[in-house]
Amino acid sequence: MFTIQVDKTFEQIMKIFYLSGVWQSDEEPKYRKIGKKLFYSFFGALLPMFFATNAFLCTDWNESIFSVQCAIFAVVIYVKLLYLLLKKPEILAFLYDQIVLHSIENRDEYEQTNKKIEKLMRFVRPYCSAFYITVPMLIAMPILSADKELPAFISFSWNDSEIIYWLAYCCMSLSLLLYVLGIVTTPLIWYIMLNYSIEYELLGNKFKKLGVGKKTVKTRVKKNGGLPQRSMFVEDLIVLIKAHRNLTETIERFRTCFSPLFLGQITTSGIVICASVYSLAFASNQNIVQVELYAVMMLYGIFDIFFVMYLANDITIASDRLSYCLFESNWIDQTESCKKYVLIMGEVLKQPQQLVILIYPMNLETFMTIINGAYSMFNILKNVQ
């Protein structure tokens with residue numbers, strides 16, 4: 001029996017959560033935990049409020065567009081931060097669920113599963129590292145630059161007070177460091193969703209093997225006091241039906257838990273992508289670092305929604321194959337009663353697992369709709385300019 005443990009990258013991320021105080025240990029007093037959650041909740045809300053204020057007061061049209069983009073961007077990350085603060089038990093329960101950890105008997109399946117997870121991790125590691133490096137650079141740039149700007153190239157031209165400038169700088173710098181924790185929550189969600197699709201594939205392989213392993217059947221017949229082979233087929237089928245129901249219920253709990261976050265991503269990602277493209281195309285007085293920032297925000301907006309949609313689509317595809325896998329088993333050689341069970345289960349499996357948020361199915365078609373919407377908004381902005 002092989003078991004896949006949670007990747008060390010996520011263990012390091014969780015250590016950062018504990019060290020920063022966003023996650024509290026069980027030994028901490030109750031009121032101290034509540035105090036930390038309230039502090040981070042109120043402090044984290046300051047950044048989107050600041051960007052919204054700057055969008056309203058700034059005289060530069062291009063910077064106002066960029067500030068609106070940053071405000072929306074910050075709101076989505078703030079929601080992720082709230083999930084970290086308030087949903088720690090649920091996140092850990094999903095992450096360390098047996099469905100995610102996997103118990104695999106076949107070595108080939110174990111190696112294939114490891115390869116799929118490693119493919120994701122090869123993207124996750126540089127993804128997290130990029131933000132760990134980029135945010136400190138954004139914070140340091142105003143100090144190194146002669147212009148009195150805030151991090152993320154906010155001019156702050158509507159302020160004349162030196163004291164207010166440094167207060168805003170310190171507050172914004174600390175907020176950006178806090179928001180990095182919200183950003184690295186995203187790979188945790190990707191990892192969980194990937195493992196759900198993998199579990200459906202493993203379940204499909206088990207359906208295929210029903211009634212095929214004769215040696216295993218004989219051994220089990222002996223241990224169970226001489227039960228006939230057809231009964232063992234039904235027993236194995238019942239075990240897999242329960243596993244399928246458990247997986248379906250777990251994914252439904254996952255969808256219910258994260259549906260506000262997914263809805264926020266679906267409704268705002270198009271605006272973020274549109275504003276990023278607009279900033280890249282028309283913003284004036286740009287330097288190379290500013291252009292890189294706009295490009296990073298555009299790529300983040302695309303990948304943030306693309307990966308969620310892609311992995312949700314993978315879950316649907318993997319669950320849709322289960323009925324085919326079931327009919328690839330050795331069900332023809334079973335009794336008429338066994339065949340009836342198989343046919344009934346086959347009808348149940350014809351309904352694939354689909355993650356639907358409000359009215360939006362999470363799949364690649366919805367992603368293309370978002371991209372088309374972003375392109376339409378970009379054309380409207382271009383004409384208004």
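**Figure 1. Serine 276 and its neighbours in the predicted model.** Welcome to the first close-up, centred on serine 276, which touches Gln69, Tyr294, Met297 and Met298 once residues up to four places away in sequence are set aside. Serine 276 belongs to helix H11. Is this residue buried or exposed? With a relative accessible area of 0%, serine 276 is buried, since buried means under 20%.

**Figure 2. Phenylalanine 282 in helix H11.** Here we stay with H11, which covers residues 229-282 and includes phenylalanine 282. Phenylalanine 282 has a relative accessibility of 26% and therefore counts as partly exposed; that class lies between the 20% and 50% cut-offs. If you would like a distance to check, take the C-alpha atoms of phenylalanine 282 and alanine 55: they are 17 Å apart in space, while 227 residues separate the two along the chain.

**Figure 3. Helices H8 and H9 side by side.** This view pairs H8 (residues 162-183) with H9 (residues 185-208). How do their axes cross? The crossing angle is roughly 0°, and the axes come within 4 Å. Because angles under 35 degrees count as roughly parallel, H8 and H9 are roughly parallel to each other. On the H8 side, Leu181, Gly182 and Ile183 take part in the contact, meeting Thr185, Thr186 and Pro187 of H9. By class, the contact residues are three nonpolar and three polar, with no charged ones.

**Figure 4. The two faces of helix H14.** H14 runs over residues 336-349. Its 14 residues should span 20 Å at 1.5 Å a residue, and the end C-alpha atoms are indeed 20 Å apart, so expectation and model agree. Which residues of H14 are buried? They are Cys338, Lys339, Val342, Met345, Gly346 and Leu349. These buried residues cover an arc of only 130° around the axis, which means that they sit on the same side of H14. A handy reminder for this view: an α-helix has 3.6 residues a turn, so residues three or four places apart point the same way. Turned away from the buried side is a face with the exposed residues Glu336, Lys340 and Ile344.

**Figure 5. The setting of the close-ups in the whole chain.** To place the views above, the chain has 15 helices and four strands. Its C-alpha atoms fill a box of roughly 90 × 55 × 30 Å along the principal axes. Of the 385 residues, 48% are buried. Among contacts between residues at least 6 apart in sequence, 80% join residues at least 24 apart.

Definitions and conventions:
Residues numbered from 1 in each chain as written. Predicted model: local features only at pLDDT ≥ 70, side-chain atom pairs only at ≥ 80, totals over all residues. Heavy atoms only, no water. Buried < 20%, exposed > 50% of the residue type's maximum accessible area, 1.4 Å probe, protein only. Axes fitted to C-alpha atoms, helices over the stretch in contact; angles between N-to-C directions. Parallel < 35°, antiparallel > 145°, perpendicular 65-115°, else oblique. Contact = heavy atoms within 4.5 Å. Nonpolar A, V, L, I, M, F, W, Y, C, P; charged D, E, K, R; others polar. Expected span 1.5 Å × (residues − 1). Arc of directions from axis to C-beta.
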